[in-house]
Each structure stands twice: as C-alpha cells, then as structure tokens.
Amino acid sequence: MKALAFNEFGGPEKLRLQDVPDPKAAPGEVLVRVRACALNHLDIFVREGIPALKTPLPFWTGCDIAGDVAEVGPDVTGLRVGDRVCVNPNLTCGRCEFCIQGEDSLCVRYGIVGEHLPGGLAELVAVSAENVLPLPAHVSYEHAASFILTNMTAWRMVVTQARVRPGEDVLILGVGGGVSSTAVQIAKLCGARVIVTSSSDQKLERARALGADVGINYKTNPQWAKAVFDATDKRGADVVIENVGAATWKDSIRALKGGGRLVTCGATSGPVGETLIPLVFWKQVHIIGSTMASRKEFNDVMRLFFQGRLKAIIDEVVPLKDGAAAQARLAEGKQFGKIVLTP
C-alpha cells in the first residue's frame with residue numbers, strides 16, 4: 001500500500017508517499033480502508049521526533065481516521081467488510097486501575113494510533129475492533145475524520161475537567177486551531193458565554209459564526225488579559241481553555257477570576273511556561289491537565305455530532321500526496337479548523 005511516511009526525523013520535506021507493507025488484521029482487529037484522515041499538531045511532533053518515543057522508521061502518523069472495513073480479523077463479531085466506520089484512536093491495556101475505572105487516557109500503557117503505532121496517513125490501517133464506531137450514511141468520511149480527536153479532547157476539557165456551567169465566562173485561546181475552534185461549540189452547548197483570542201480578525205469572525213460572544217485580537221491588543229477583565233466586568237474568566245503553552249501561560253492565569261479553572265491539553269508554543277506562584281495561591285485558581293478522552297466521552301461527543309448538534313469544522317481537503325505542504329500549512333497556523341487528507 002501507499003503511505004505518507006518519513007524515513008528520518010525532520011521537517012515536512014522528509015515526507016514521501018511511498019510503498020510500505022500492507023498491515024494485517026490480528027485477532028480482535030479489523031483492517032480499515034482509509035477514506036479520510038485529518039491532521040493534528042501531533043503529526044508534526046512525531047515527524048520531528050519525540051525523544052521519549054522509540055519510533056520505528058519508516059513511520060507514518062494520522063489519528064483521525066474514517067473509512068470502510070476492508071478485512072475482519074479472527075474473534076471479531078458485529079462488523080462486516082464494507083461497513084462505514086470511524087476510529088477511536090486510543091490505545092489502552094484494558095486491565096490497569098485506570099482502564100477499570102473507565103479513565104482510558106490515564107492508562108499506564110496509554111498510546112495513540114498514529115503516534116505509538118502507524119496511523120491513517122495511508123491506504124490501510126489495522127485497529128482494534130473495539131475502537132471502531134459505525135458511521136451513519138448521512139455523515140461524510142471527511143467530516144467524520146475532521147471531528148474525532150479535537151472534539152474528544154475539547155469535550156473532556158470543557159465538560160469533564162472544567163465542568164462548565166450555564167452563564168459562566170469561558171476564555172478559549174488561539175481560536176482557529178482544531179481544539180480551540182470546536183471548544184467554542186461545546187462551551188456554547190453548555191450554556192457559557194465564550195471569549196476567544198486570535199491574531200486574525202478573519203478567524204475571530206469565523207469564531208463568532210460558531211457562537212463566540214467576544215473576540216480579542218492579541219496581535220493588535222497585546223494586553224489581552226486586561227481585555228478579558230474588561231469584557232467580564234473586572235471579574236475575569238471562570239474557565240480558560242489553554243493549549244498554546246509558554247507564550248500565553250502567565251497571562252492565562254492572570255485572566256482567571258478568583259477560584260477560576262485553567263484546563264490545558266497542550267503546549268504548541270513551548271512546554272515551559274512562567275508561573276507566578278503567588279498569583280496561583282492568592283487567587284486560589286485550579287490548574288487542570290487533560291488528555292484525549294475516555295471511551296464514554298468519545299461516544300458521547302460522537303453521538304452529538306451524528307445528531308447534528310455539533311458540527312465538523314473543515315479548513316480544506318487535500319490529496320494524501322500533497323500531505324507535506326498541508327503539514328507545513330498547519331505548522332504555520334494558517335488554517336481554521338481541520339485539514340483533511342484523502343488517499
């Protein structure tokens with residue numbers, strides 16, 4: 001089969017559409033013929049090389065997968081060749097204390113398809129049958145692929161970890177990115193008032209179309225934390241949804257009200273942020289980490305998507321062969337929503 005693989009770590013120029021061995025469906029697995037796979041910053045991080053991972057080369061990423069069942073492995077029931085499906089990218093042991101509690105992303109052996117195992121930037125991918133969800137006929141492969149990872153991540157951040165309630169002020173940083181743009185919809189579904197930041201007035205307008213109430217351009221208004229206070233009658237935000245990292249960390253804490261909650265799932269601008277510790281204890285703020293989602297959270301958010309209560313946000317759809325340019329565009333932050341690749 002063909003895969004958008006890299007044979008050494010580095011920039012997008014290392015990617016090649018090349019022949020690789022076809023995967024096989026092991027017991028309990030199905031083989032999925034990929035029809036669409038969306039990009040995430042995770043694709044960039046893995047391609048550049050994550051020191052803690054022993055990534056075998058060649059390798060190909062891709063965790064947002066939608067397609068058709070091409071082969072059913074031994075011991076699999078309830079699935080047939082030709083079924084339209086999307087894939088939960090979680091890899092778990094199913095046996096540790098966290099898995100038993102239903103906290104998949106805290107599994108002691110936790111991994112992600114496309115990071116710890118070859119992913120969906122290929123024509124075929126082998127996945128656990130337990131991670132396959134039937135895809136309704138009215139949902140396109142492209143829309144399904146663009147929805148999965150960012151929405152399961154944003155759902156856990158907004159609903160489970162932040163516990164956003166009606167009437168609260170929620171600040172979402174860097175709207176336009178996959179998690180941030182979809183977090184707008186989820187926070188509005190919770191009944192919150194949503195404030196967003198971006199360096200682009202165009203992205204702020206698109207966020208308003210998704211339901212954002214206040215937009216702050218941090219490029220023209222570098223004192224954006226003060227602007228948050230002005231927009232909240234000097235209270236500050238009840239919740240900050242943060243995935244930018246070093247560039248925004250200090251002001252994210254400043255922007256919180258007393259007793260507010262900051263939920264973080266990433267650090268795209270750098271992993272080490274400046275924390276004014278007296279600000280944390282004096283304001284009694286809560287700093288909460290969040291990674292991916294449990295199986296229940298995945299199923300909950302996908303059900304709302306299938307019902308049309310949450311929308312997929314697609315920036316563009318491009319052929320897999322043009323994946324290097326697509327990853328370069330993602331790294332530059334030029335997109336609003338998801339970039340989807342099709343084999």
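I take buried to mean under 20% relative accessible area, and since this is a predicted model, I treat each value below as computed from it.

Entry on Arg-47. I looked up this arginine in helix α1 and found that Arg-47 has a relative accessible area of 3%, so by that cut-off it counts as buried. I then listed what Arg-47 touches, leaving aside residues up to four places away in sequence, and noted Phe-6, Phe-9, Gly-10, Gly-11, Pro-12, Leu-15 and Gln-327. Pro-12 is 35 residues from Arg-47 along the chain, yet I read a separation of 7.9 Å between their C-alpha atoms.

Entry on the polar partners. I found a polar atom of the Arg-47 side chain 2.9 Å from the backbone oxygen of Gly-10, and a polar contact of 2.5 Å between the side chains of Arg-47 and Gln-327.

Entry on helix α10. Following Gln-327, I turned to α10, residues 323–331, where I found Gln-327 listed as buried together with Gly-323, Ala-326 and Leu-330. Viewed down the axis of α10, these buried residues fall within an arc of 100°, so I record them as lining one face of the helix. I keep in mind that an α-helix has 3.6 residues a turn, so residues three or four places apart point the same way. On the face turned away from the buried side of α10 I noted the exposed residues Ala-325 and Ala-331.

Entry on the surroundings. I checked what covers the buried residues of α10, and the cover includes α1 (41–48) as well as the strands β1 (2–6), β2 (15–19), β16 (314–319) and β17 (338–342). After α10 comes Gly-333, for which I noted a positive phi, near 70°.

Conventions: Residues numbered from 1 in each chain as written. Predicted model: local features only at pLDDT ≥ 70, side-chain atom pairs only at ≥ 80, totals over all residues. Heavy atoms only, no water. Buried < 20%, exposed > 50% of the residue type's maximum accessible area, 1.4 Å probe, protein only. Helix = DSSP H or I, 4+ residues; strand = E, 2+ residues; numbered from the N terminus. Arc of directions from axis to C-beta. Contact = heavy atoms within 4.5 Å. Polar contact = N/O pair within 3.5 Å; in protein donor to acceptor, adjacent residues only side chain to side chain.
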